[in-house]
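User: I am new to this structure and would like to go through it step by step. Please explain the terms as they come up.

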Amino acid sequence: MRIRRTRSVVVSASVALLFSAAAVVPAVAQSQPAGSVLSPSRELTALTDLFAERLLVADKVAAAKYGTDRPIDDPARERKILDDVAGRAVGLGLDPDVVVAVFGDQIEANKVVQRGLYARWDAHPHERPTQRPDLDKDIRPALDRITTQLLGTLAATEGVRSSRSCEVRLYGAAARSAYGHELDVLHLKGMGRALPSACAPENDQAIPRT
């Protein structure tokens, strides 16, 4: 269902994502010792890999809903997810408000992909999915697994997410994940929407929402 681009296009788009981030956080880069800010953070790559996995599941969500009366926006379901992760955050020693913000971004990022796929399929009927996955039996268990992994990874990365270099490191991690998962332009757009709340709010620099 996902249109696969050539690896050269993926690399170019991933690099563009990374350098667009560098342009919005120059003050952070200038405040750190030379060479320290742009060092890869494998911890954050674990986080952005999960963002990418969730974005790719959005393809299946779109295929399950397209042409049915199930809307892309599902406020009741979204509220249930956010209430659930807020409750689980407490047991992990995480700020529930921060966790809700991160998962809210993941939900919105998935909608970016779903809407993009709907538009693509409307314009190019021959690209429409030929199979309809089962949203409840097949897709939501996968999303639940990613949710559990995301919560654990948020706890494991709390230190680096609170650092002043988080924004630059996060975009570097996102570029690596985009390359590794071969994200196309639509999914890269989703990745950009998934990132804003990943760094702790105590940081002076904020990642703008896209």
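Analyst: Helices (H or I, at least four residues) and strands (E, at least two) are DSSP runs, numbered from the N terminus. This is a predicted model, in which local features need pLDDT of at least 70, side-chain atom pairs count only at pLDDT 80 or more, and totals for chains, interfaces and linings use all residues. Residues are numbered from 1 along each chain as its sequence is written, and side-chain values use heavy atoms, with hydrogens and water left out.

User: Which helix gives the most to the lining of the largest pocket?

Analyst: A pocket is an open set of points on a 1 Å grid over the protein atoms alone, where a 1.4 Å probe fits, with protein on both sides within 12 Å along at least five of seven lines, and lining residues have an atom within 4 Å of a point. Helix 3 (42-65), helix 4 (75-91), helix 5 (96-123) and helix 6 (135-156) each give two or more residues to this lining. With 7 residues, the largest contribution comes from helix 4.

User: Which two residues form the disulfide, and where do they lie?

Analyst: A disulfide is a pair of cysteine sulfur atoms within 2.5 Å, and a search of the whole structure finds 1. One partner lies in helix 8 (residues 166-180) and the other in the segment after helix 9 (185-194), so the pair ties together parts that are 33 residues apart in sequence. With their sulfur atoms 2.0 Å apart, the two partners are Cys166 and Cys199, in helix 8 and in the segment after helix 9, respectively.
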